[in-house]
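Work through the exercises below with the sequence and the model side by side, and try each task before you read its solution.

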Amino acid sequence: MSYASFDNNATSGSSNITNEADFQKTAQIVVASIQKILQNVSSMQRMVNQFGTAQDSPELKQQLHQIRSYTQQLINDTTNQLNDLVNCKERHLKIQRDRLVDEFSSALNAFQAVQRKTVDLEKNAVRQARQASGAAMALNKPPGSHHSSMGSNYNNTSNSGGGGSMFEDNFITGSRGQTQQQLQEEIDLQALEDQERTIRELEENIVSVNEIYKKLGALVYEQSHQVDSIEASVEQTSVFVSEGVQQLKQASHYQNKARKKKLILALIAAAILAFIILIIILKH
């Protein structure tokens, strides 16, 4: 499988999402990206498990490097997309965003785990290679010993005739062996440098993902604090509304009592007036 053609259709966090339609569109991209990250991590795990086996090869490590690089870029893009979802106002959108953050964090955990495992294996391989290189150098003859042996052979054979020819053969053979040994040492050194460069790159990636963890943690904390503040405001408003309703009930009660008093006073006044009128009529 080639990862060079991997196409991430997501944008890299250039706008803030404020309406639900754009929110859902970006959320779908984030979901697809998380699934892709998990697929890549699974492929990376299979490749890492082949280290030190018959399937291990430079091509395998090159393919692992490619998928790791694209996954790292995908993680960066997904982080930017999640940041775009910060300004959503509706509570159900905030819950959906927090769920995406949790799923993304789980994918990051899996990616970090396979990266750390790769670092451990690479460091172990470098350590073993250096130990093997040191042992091989210890087994090599000191400088000049080979020529001394060649000179001794030449002295032993010169007395029997034909020594010059044998000396030339030994000299050519020795020179070729030294050249091949130097080439192999250069190849081994280059391989060690490549492995150490890979280790440094992996460690930098791990640090970068840790920074993303911090940003996600800060995002969740900030938004949770805002939600708590909103809920507190809603609760406070609810208390105020309840108190207002109670006060309205009391006012209505007092108003009814006042209305009853006015009605009683009016009835009393009407009764007195009727009594006065009746007395006047009876006197006439």
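A residue counts as buried when its relative accessible area is under 20%, as exposed when that area is over 50%, and as partly exposed in between. Keep in mind throughout that the structure is a predicted model.

**Exercise 1. Where is Gln24 placed, is it buried or exposed or in between, and which residues does it touch?**

Solution. Begin with the place of the residue, which is helix 1, an element that spans residues 20–49. Next, take the relative accessible area of Gln24, which is 26%; because this value lies between the two cut-offs of 20% and 50%, Gln24 is partly exposed. Then look for partners farther along the chain: leaving aside residues up to four places away in sequence, Gln24 touches Leu93 and Gln96. Finally, compare sequence with space for one of these partners, since Gln24 and Leu93 are 69 residues apart in sequence, while their C-alpha atoms are 8.8 Å apart.

**Exercise 2. Describe the surroundings of Lys117 and of Ala125, two residues of helix 3.**

Solution. Helix 3 covers residues 91–139, and Lys117 lies in it. The relative accessibility of Lys117 is 33%, so this residue counts as partly exposed. Not counting residues up to four places away in sequence, Lys117 touches Gln45, Val48 and Asn49. For Val48 the separation can be stated in two ways, as 69 residues along the sequence and as 7.9 Å from C-alpha to C-alpha.

Ala125 is also found in helix 3, and with a relative accessibility of 28% it counts as partly exposed. The C-alpha atom of Ala125 is separated by 9.5 Å from that of Phe51, a residue 74 places away along the chain.

**Exercise 3. How many salt bridges does the model have, and which residues form a salt bridge?**

Solution. The count comes to one salt bridge. Asp98 and Arg97 form it, and their closest N and O atoms are 2.9 Å apart, which is within the 4 Å that the rule requires. Now consider each partner separately: Asp98 has a relative accessible area of 25% and is therefore partly exposed, whereas Arg97, at 1% relative accessibility, counts as buried.

**Exercise 4. Which residues form the nonpolar patch on the surface, and what does the UniProt record say about residues 263–282?**

Solution. The patch consists of Ile264, Leu265, Ile268, Ile272, Phe275, Ile276, Ile279 and Ile280, which together have about 760 Å² of accessible area. Take Phe275 as an example from this patch: it is placed in helix 5, residues 163–283, and it is exposed, because its relative accessible area is 52% and the cut-off is over 50%. Then turn to the record, where an unreviewed UniProt entry annotates residues 263–282 as a "transmembrane region". In the model, this stretch is 100% helix and 0% strand, with its end C-alpha atoms 28 Å apart.

**Exercise 5. Summarise the whole chain, and say where the pLDDT is lowest and where it is highest among its elements.**

Solution. First list the elements: the protein has five helices and zero strands, so that the order from the N terminus on reads α-α-α-α-α. Second, consider accessibility, where 24% of the 284 residues count as buried, and where the protein exposes about 18,900 Å², with carbon and sulfur atoms supplying 56% of that area. Third, look at the contacts between residues at least 6 apart in sequence, of which 84% join residues at least 24 apart.

Last comes the confidence of the prediction. The average pLDDT is 74, and 63% of the residues score at least 70. Among the elements, helix 1 has the highest mean pLDDT, 95, and helix 4, residues 145–158, has the lowest, 48. Residues 1–14 have a pLDDT below 50, and this stretch has 22 contacts in the model beyond near neighbours in sequence. Residues 145–152 also have a pLDDT below 50, with seven such contacts. Where pLDDT is low, the predicted coordinates should not be read in detail.

Note on methods: Residues numbered from 1 in each chain as written. Predicted model: local features only at pLDDT ≥ 70, side-chain atom pairs only at ≥ 80, totals over all residues. Heavy atoms only, no water. Patch = residues over 30% accessible without salt bridge, like charges linked within 9 Å, V, L, I, M, F, W, Y side chains within 5 Å. Areas by Shrake-Rupley, 256 points an atom, 1.4 Å probe, with all protein chains shown as cover. Salt bridge = Lys/Arg side-chain N within 4 Å of Asp/Glu carboxyl O. Helix = DSSP H or I, 4+ residues; strand = E, 2+ residues; numbered from the N terminus. Buried < 20%, exposed > 50% of the residue type's maximum accessible area, 1.4 Å probe, protein only. UniProt positions renumbered as here; feature names shortened; annotations may be inferred. Contact = heavy atoms within 4.5 Å. pLDDT = per-residue confidence, 0-100.
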